[in-house]
Amino acid sequence: MTTPDPDHEPAPQPGPQPEKQASPLIKQVLELGPLLAFLVAYLWLRDGSVTIGGTDYGGFVVAIVLFVPLQIASAVALRLITGRLSRMQLATLILVIVLGLGTVLFNDERVFKMKSTFVFGLFGVLLFIGLWRGQSWLAFVLDQALPISREGWMILTRRMAWFFLAFAAMNEVIWRNFSTDVFVMWDTFGQMGVMFVFLMGNYKLIDTHWTGPR
């Protein structure tokens, strides 16, 4: 048996690497750039079509062909700059890729219009499953981004779960009953506005259960 050398201490093991901070401007460009590019492409091509291999693709489908690679490139850039992607970002990216491919393969814009229904419906169901198990999966998804108490997380998770299900239902109503123009505006600006209002409505809850420095 080898006798440990008291003068020789084992090298410290590297801990988890902290997330790199990206410039707020760069982060906004990467997150909103693909969406704005989709809007511009759609408005430019909405009254026309592109024929490939004898098949006519409408402006919405062509805009999706542009949007999906830009969304992938944006996620890769964020991963390289910050060193990570949140679980919610990753799940959303996977659904964007799957539904984007389905839209092009079936040449049916309705497939991608259901994106928000799938994304928010799935998140809502998962959050309710976590609540049923006595856990806040929202805290897990957000990697404890908000320093609030467990009680605060549970209340916020319950509210967010209902909000996600209502959001999914709202998306169904809009894409099934209104024009593509209305849906595009809802998808690019309306959703962000509704989400902002919801988050601002929970400011008091977050402030009450805040456990971080003030």
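Which helices each supply at least two residues of the lining of the largest pocket? In this predicted model, the answer is α1 (24-45), α2, α3, α5, α7 and α8. The space in that largest pocket comes to about 1,700 Å³. Its lining is made up of 43 residues, and those nearest the centre are Glu-31, Met-88, Gln-89, Thr-92 and Met-195.

With the pocket introduced, the overall layout is a helpful next stop. The protein contains nine helices and two strands. Read from the N terminus, the order of the elements is α-β-β-α-α-α-α-α-α-α-α, so that the two strands follow the opening helix, as the DSSP runs are numbered. The chain has 214 residues, 36% of which count as buried. Turning to contacts between residues at least 6 apart in sequence, 69% of them join residues at least 24 apart.

One of the helices that contribute to the pocket lining, α5, can be followed in some detail. Helix α5 covers residues 115-132, 18 residues in total, and spans 26 Å between its first and last C-alpha atoms. This reach is close to the 26 Å expected at 1.5 Å a residue. Its buried residues are Lys-115, Ser-116, Thr-117, Val-119, Phe-120, Gly-121, Phe-123, Gly-124, Leu-127, Gly-130 and Leu-131. In an α-helix there are 3.6 residues a turn, so residues three or four places apart point the same way. The cover over the buried residues of α5 includes α3 (87-106), α4 (109-113), α6 (137-141), α7 (150-177) and α8 (180-201). Just beyond the end of α5, Gly-134 adopts a positive phi of about 75°.

Lys-115, which belongs to helix α5, deserves a closer look. This lysine has a relative accessibility of 12%, and it counts as buried because the cut-off for that class is under 20%. Setting aside residues up to four places away in sequence, Lys-115 touches Val-96, Leu-99 and Asp-187. The C-alpha atom of Lys-115 is also 9.1 Å from that of Ala-168, although the two residues are 53 places apart along the chain.

Aromatic rings give another view of how the parts meet. The structure holds 13 aromatic pairs. In one of them, Phe-67 and Phe-112 meet edge-to-face, with 5.9 Å from centre to centre and 80° between the planes. Phe-67 sits in helix α2 (residues 59-82) and Phe-112 in helix α4, so this pair ties together parts that lie 45 residues apart in sequence. Both of these phenylalanines are buried. Elsewhere, ring pairs join Phe-120, Phe-123, Phe-163, Phe-164, Phe-167, Trp-186 and Phe-198 into a cluster. Phe-120 and Phe-123 have already appeared among the buried residues of α5. A ring also has a charged partner at Phe-60, where Lys-113 lies over the face at 5.8 Å from the ring centre.

Finally, the loop between α3 and α4 holds Asn-107. This residue has a positive phi of about 50° although it is not a glycine. With a relative accessibility of 29%, Asn-107 counts as partly exposed, because that value falls between the 20% and 50% cut-offs.

Conventions: Residues are numbered from 1 along each chain as its sequence is written. This is a predicted model: local features need pLDDT of at least 70, side-chain atom pairs count only at pLDDT 80 or more; totals for chains, interfaces and linings use all residues. Side-chain values use heavy atoms; hydrogens and water are left out. Helices (H or I, at least four residues) and strands (E, at least two) are DSSP runs, numbered from the N terminus. The expected span of a helix is 1.5 Å times one less than its number of residues. Buried means under 20% relative accessible area, exposed over 50%, partly exposed in between (1.4 Å probe, protein chains only). Contact means heavy atoms within 4.5 Å. Rings of Phe, Tyr and Trp (its six-membered ring) pair if their centres lie within 6.5 Å; planes under 30 degrees apart count as stacked, over 60 as edge-to-face and the rest as tilted. A charge sits over a ring if NZ of Lys or CZ of Arg is within 6 Å of the ring centre and within 35 degrees of the ring normal. On a 1 Å grid over the protein atoms alone, a cavity is a set of points where a 1.4 Å probe fits but cannot get out, and a pocket is an open set with protein on both sides within 12 Å along at least five of seven lines; lining residues have an atom within 4 Å of a point. Grid points are joined across faces, edges and corners, and a volume is the space filled by probe spheres set on the points.
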